Amino acid sequence: MLTVDFDRLGVNAGTKAIDIGAGQGRHSYEMFRRGADVIAFDQSDSDMAEVSEMFDAMMAEEQVPASAKARTEVGDALHLPYADNAFDVVLMSEILEHIPSDTEAIAEMARVLAPGGHAAVTVPRYWPERVCWAFSDQYHANEGGHVRIYKASELAAKVSAAGLEVVGTDHRHALHAPYWWIKCAVGVENNDNPLVKAYHKLLVWDMMSAPAATRLTERALNPLVGKSVVLYLRKPA
């Protein structure tokens, strides 16, 4: 499940890219498939170990161009161990809402992005996220949980203050918003609830089969209830 449109970021063979807060690697894998030189970066040793194994498997199964490169690194998004202007593409997907010092993380993202390079930042959209918070404290008030809810205009102001230009916006994953509302209403750990199980089965089917009906429905609903907001950015040359 991809939140970012990598065509808009211009990711292709030879692109030097970093996925900050890569988690389980879904976006790193896509950039690797496109032939990029990718770093999956995260604070979780266990997640990066699993992503590294998947990179190896993708190479062994020849799912990537021969020239593509990928590696994992563990570290702190507030102190990236890279030189200024090191990457053509920088991604931060669904991590800023977890970081108390978000302006520092954004400044680091801007620092390592090369002039003329492109970036994408995604966070939970304001009003679907507000519904989740209203239904459940457990959803966000835990170690490593969400510390803020962004309005798109607020996030745009923060990335602009760091010297990045907002060149586009998008909303994604409309079908996922009701799933999280249901989970928050019945208890986020209550995975045996019949509604939760049924909706989860629907989402898995949709992701595996990608039928035209649900793809068109989600595309139509994204501007209204898309769970994630995406900002596409450029660093002035």
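The lining of the largest pocket in this predicted model divides into 19 nonpolar, 20 polar and 10 charged residues. The pocket has a volume of about 1700 Å³. A total of 49 residues line the largest pocket, and those closest to its centre are Ser93, Glu94, Glu97, His98 and His146. Several elements each supply at least two residues of this lining. The strands in this group are β1 (16–20) and β2 (37–42). The helices are α2 (26–33), α3 (45–60), α7 (176–186) and α8 (194–209).

Glu94, one of the residues closest to the pocket centre, lies in the loop between β4 and α4 (102–112). The backbone of Glu94 has a phi near 60 degrees, a positive value in a residue other than glycine. Asn85 also departs from negative phi, with a value near 60 degrees. This residue, too, is not a glycine. Asn85 is placed in the loop between β3 (69–74) and β4 (87–93). The relative accessible area of Asn85 is 38%, so the residue counts as partly exposed, between the limits of 20% and 50%.

The second largest pocket holds about 480 Å³ of space. Its lining comprises 14 residues, and the closest to the centre are Met1, Leu2, Arg172, Arg215 and Glu218. Two helices, α8 and α9 (212–225), give two or more residues to this lining. Helix α8 thus appears in the lining of the second largest pocket and in that of the largest pocket. By residue class, the lining of the second largest pocket divides into 6 nonpolar, 3 polar and 5 charged.

His27 lies in helix α2, an element that contributes to the lining of the largest pocket. The relative accessibility of His27 is 3%, which is under 20%, so the residue counts as buried. Beyond residues up to four places away in sequence, His27 touches Leu2, Thr3, Val4, Phe6, Asp19, Leu91 and Ser93. Two of these contacts recur in the pocket descriptions. Leu2 is among the residues closest to the centre of the second largest pocket. Ser93 is among those closest to the centre of the largest pocket.

Aromatic pairing was examined next. The whole structure contains 8 aromatic pairs. In one of them, the rings of Phe41 and Tyr82 have centres 6.0 Å apart. Their planes stand at 70 degrees, over the 60 required, so the pair is edge-to-face. Phe41 belongs to strand β2, whereas Tyr82 sits in the loop between β3 and β4. The two residues are 41 residues apart, and their pair links distant parts of the chain. Both Phe41 and Tyr82 are buried.

Tyr82 also pairs with Phe87, with ring centres 5.3 Å apart. The planes of Tyr82 and Phe87 stand at 85 degrees, so this pair is edge-to-face as well. Phe87 is buried, as is Tyr82.

Elsewhere, ring pairs link Tyr139, Tyr179, Trp180 and Tyr199 into a cluster. A charge also sits over a ring. Lys151 lies over the face of Tyr126, at 5.3 Å from the ring centre.

Methods: Residues numbered from 1 in each chain as written. Predicted model: local features only at pLDDT ≥ 70, side-chain atom pairs only at ≥ 80, totals over all residues. Heavy atoms only, no water. 1 Å grid on protein atoms, 1.4 Å probe; cavity = no way out; pocket = protein on both sides within 12 Å on 5 of 7 lines; lining within 4 Å. Points joined across faces, edges and corners; volume = space filled by probe spheres on them. Helix = DSSP H or I, 4+ residues; strand = E, 2+ residues; numbered from the N terminus. Nonpolar A, V, L, I, M, F, W, Y, C, P; charged D, E, K, R; others polar. Buried < 20%, exposed > 50% of the residue type's maximum accessible area, 1.4 Å probe, protein only. Phe/Tyr/Trp six-rings, centres within 6.5 Å; stacked < 30°, edge-to-face > 60°. Lys NZ or Arg CZ within 6 Å of the ring centre and 35° of its normal. Contact = heavy atoms within 4.5 Å.
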